Amino acid sequence: MLQLSRSIKPQGKLPRFKKLLAFSTASPISLSSSFLKQCNSLSEAKRLHQQVIVRGLISHLSKTLISLYIYCKAPRYAEAILERLSPPSSDFVFWWNAIIRESVQASCSEYAFWLFCQMRRLGWLPDCYTFPFVLKACGETPSIGHGEAVHAAAYVCGLEANLFVCNATVSMYGRCGDVGAARKVFAEMLERRVYDLVSWNSIVAAYVQNDAFALAIGLFEKMGHDFGMRPDGVSFVNVLAACAGLSALMQGRQIHASAVRNGPFENVFVGNALVDMYAKCGMMEQANKIFERMKVKDVVSWNAMVTGYSRIGRFEKALRLLEEMREEKIEFDIVTWSAVIAGYAQRELGYEALDVFRQMVLSGLEPNLVTLVSLLSGCACIGALLQGKEFHCYAIKRILNFEEGDLGGDLMVINGLIDMYSKCKAFWIARSIFDLVLPKDRNVVTWTVMIGGYAQHGEANEALELFSQMMKQENFISPNAFTISCALMASARLAALRVGKQIHAYVLRNHFEPEFLFVANCLIDMYSKSGDVDAARVVFDNMKERNAVSWTSLLAGYGMHGRGEDALHIFHEMRRAGLSPDGVTFLVLLYACSHSGMVDHGIAFFNEMAKKFRVDPGVEHYACMVDLLGRAGRLDEATKLIQDMPMEPSPIVWIALLSGCRIHKNVELGEYAASRLFKLNSENDGTYALLSNIYASARRWKDVARIRSLMKYSGVKKRPGCSWVQGKKSTETFYVGDWSHPLSQNIYAVLSDLIQRIKAMGYLPETSFALHDVDDEEKGNLLFAHSEKLALAYAILTSAPGATIRITKNLRVCGDCHLAFAYVSKIVDHEILLRDSSRFHHFKNGSCSCKGYW
């Protein structure tokens, strides 16, 4: 019995600890029920623990001290008491369970698993209440290895048929991403007839967590129809999330009706799930009706509405809701801010996303993983490299964790960083990050953002090389529709028809039907830009579903091949199909008219845009019209159109006029157009080259020299002409006067023979395209070794008789080469396809498909 001196008497207000010790004679039970329960701080608990040990009462008060430490959020002290209890007693298993539960609730999942291991090591036998807590910890980590070990331990303890343990096991496997194991455990429960509503909710949740939404909906229906289980609020929340994931509006409405009939509709969680489902199905009016009818709303309710409006681009509504939340004094959480940031980023409104982020920081919140990924996306779409680097630094400091080589959620951030650096054209940084991720840790997104970055920003060779590595790597990852589209984009940039066909074959073999519309549009673009617009038409004709992009892609294909009549036919078919042309459609249509010499049609379409179709012409449409009129030699009309523009002419308008002046050798107007370009600080090599061509055509060699000096003084370098052609095994590249190819001797011999033969037929070199003040013979020699001529000679040397020759040039083809190709097509058994920076030229039997409009 504990005896304290009677002489100790409270005087005035004593500290709590002195009051707790101011007792004389008390039994352990009375101590437990009165004095120890008054302790409410860890320091007091530790001092009382000390007194209990000193007075030898530890065996009587162990449970009370353990309870006290758990109450004070100090599970490690409670665990220390349990470790010293010997031998293990089944009466104390309850307290192990309590400590594990407390750790799980405090999000200390790793510690909870360690406690379980320590418990087993010390000889304690877990019961049916221990395993659910530990399995929950494994699911929250998530750690499939730990979860499987605990599952095995439950079998060893004979609890494989315990309902609570089985339910927790299903949930654990679902959270760890092993939906197959979850399904197997659930099937065993059905066989044993050991299940309840929680079991069904757990397996449906497992499917939803792993994006198996259709299976989740099927199980929900089976639960009621075949097993007679009446769903509760949790059931409805799970299945509504599945409907939201599939945007399955019809099924969502049916489940909504069922929720109303079964009662839990008034549940705030069900209400939130309904709002989220309708929002993700794009039915914001219906979502708003449910939101307004909810008697109780929490921050999740508001977040669902903010996210819904942000997703569809109605930012004014989303921002108004934020103001209402402030008025209702509802504290924003990270989800609220992230929803708006993500909405702006998805719409490529990067500046707005960064502005919202600044407001979030001022409110005192820090970005989480989801926020950071959205911010990186926002930086990517506006090319904000500096801000992107700042977020990269933040990620290194606060989010990224490479311990034990387990990337986990970090891979989302890494993928976002690769995407941001690629789109900001910092390819070496993007590739460095990509290479740091081990091949076994890369997912399809990692490959896609790197391939897409290369493809979208001019590094098409690297994109196709990386795509080839992805397909050949040991840990094969199947490309998705986005990966395929990026590879097709790279093929289109290079006019790599052979590679494009191989990718098309892969698409057909692997049945990309769900995403075929998206992929098919890219196939149309690839075939068009690779010189086979008829194959593009075959893809178009075999599409079960088409959208505006499908029609516009084929229309653009016909335009770049100079098939204006076909382009007009597609335009009229598009209208008959019920699609309204937009600004992009008219831009492509005017381009087709310009490259087919259909001047009157182009003027008619331009005049009808606003009057008939209510599409206001933009600066690009005016540039197309200037190009159309300039090619036709109607330079005065082109100049008047520029003067009448309702907006300031941009550089592309003046470049179009300058190009027309070059074709028709109008020096005075060309100088005027060039001067306007210089005033707009549009000093690229194309401007100087066009003006230099105009002067050379007029034999004004001093002005040609002046332009060269001006380029040198301004630091503007002329891009070297480069042509490439597909060989038997690879693509061969040639520059002007190139002798680097192993077959150069043979190439020049073939070219010399061709030139001699076509000269005998009447070919005379167009020496006006040799921009040097030398005699005509020397000019002919300069024109002889142009890159496109070398590519043609190589193709004739190595191609099988009758094979189509496909050549691509990075600049506009020169007039002399164009004339030479037309003559050569008379004497060789090949159709010659030449793609330059402007259009395609099909040479056959001495004529070109451009008909002089190039």
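What follows is a walk through the chain, from its overall dimensions to its charged pairs, its surface charge and a few unusual points in its backbone.

The model is a predicted one, and the values given here were computed from its atoms. The chain has 854 residues, of which 50% count as buried. Its secondary structure comes to 45 helices and eight strands. Along the principal axes, the C-alpha atoms fill a box of roughly 130 × 60 × 60 Å. The radius of gyration is 37 Å, whereas a compact globule of 854 residues would have a value near 29 Å.

Two pairs of residues give a sense of how positions along the sequence are spread in space. Val-185 belongs to helix α11, which covers residues 179-192, and with a relative accessibility of 6% this valine counts as buried. Between the C-alpha atoms of Val-185 and Ser-301 there are 34 Å, and the two residues are 116 positions apart along the chain. Asn-607 belongs to helix α35, residues 599-613, and is partly exposed, its relative accessible area being 43%. From Asn-607 to Ile-290 the separation is 317 residues in sequence and 48 Å in space, taken from C-alpha to C-alpha.

The charged side chains come next. Side chains of opposite charge can pair when their charged atoms come close. In the whole structure, a search finds 23 salt bridges, and several of them can be followed in detail.

One of these joins Asp-419 to Lys-423, with 3.4 Å between the closest N and O atoms. Both residues are part of helix α24 (residues 410-423), where a spacing of four residues corresponds to about one turn of the helix. How is each partner of this pair placed with respect to the surface, buried or exposed? Asp-419 is buried because its relative accessible area of 15% falls under the 20% limit for that class. Lys-423, at 31% relative accessibility, counts as partly exposed.

A salt bridge with the same four-residue spacing is found in helix α36 (residues 619-631), which holds both Asp-627 and Arg-631, again about one turn of the helix apart. Their side chains meet with an N to O distance of 2.8 Å, and both residues are buried.

The salt bridge between Glu-788 and Lys-809, at 2.9 Å from N to O, connects distant parts of the chain, since Glu-788 sits in helix α44 (residues 787-798) and Lys-809 in strand β5 (residues 805-809), 21 residues apart. Glu-788 counts as buried at 1% relative accessibility, and Lys-809 is likewise buried, with a relative accessible area of 9%.

Salt bridges can also be followed beyond single pairs. Glu-671, Arg-700, Asp-703 and Arg-706 are linked with one another in a network of salt bridges.

On the surface, there is also a place where like charges gather. Which residues form the patch of negative charge? They are Glu-292, Glu-324, Glu-327 and Glu-328. Of these, Glu-292 can be placed in helix α17, which covers residues 284-293. Glu-292 counts as exposed because its relative accessibility of 52% is over the 50% limit for that class.

The backbone, finally, has some points that merit a look in the loops. Lys-329 lies in the loop between α19 (315-327) and α20 (334-346). Although Lys-329 is not a glycine, its phi is positive, at about 55°, and the residue is exposed, with a relative accessible area of 78%. Arg-699 lies in the loop between α40 (685-697) and α41 (701-714), and it too is a residue other than glycine with a positive phi, in this case near 60°. At 53% relative accessibility, Arg-699 counts as exposed.

A further backbone feature is the cis peptide bond that joins Thr-141 and Pro-142, for which omega is about -20°. Pro-142 has its place in the loop between α8 (130-140) and α9 (144-156).

Methods. Residues numbered from 1 in each chain as written. Predicted model: local features only at pLDDT ≥ 70, side-chain atom pairs only at ≥ 80, totals over all residues. Heavy atoms only, no water. Patch = residues over 30% accessible without salt bridge, like charges linked within 9 Å, V, L, I, M, F, W, Y side chains within 5 Å. Areas by Shrake-Rupley, 256 points an atom, 1.4 Å probe, with all protein chains shown as cover. Salt bridge = Lys/Arg side-chain N within 4 Å of Asp/Glu carboxyl O. Lys, Arg positive; Asp, Glu negative; His and termini not counted. Charge placed at Lys NZ, Arg CZ, Asp CG, Glu CD. Helix = DSSP H or I, 4+ residues; strand = E, 2+ residues; numbered from the N terminus. Buried < 20%, exposed > 50% of the residue type's maximum accessible area, 1.4 Å probe, protein only. Rg over C-alpha atoms; globule rule 2.2 N^0.38 Å.
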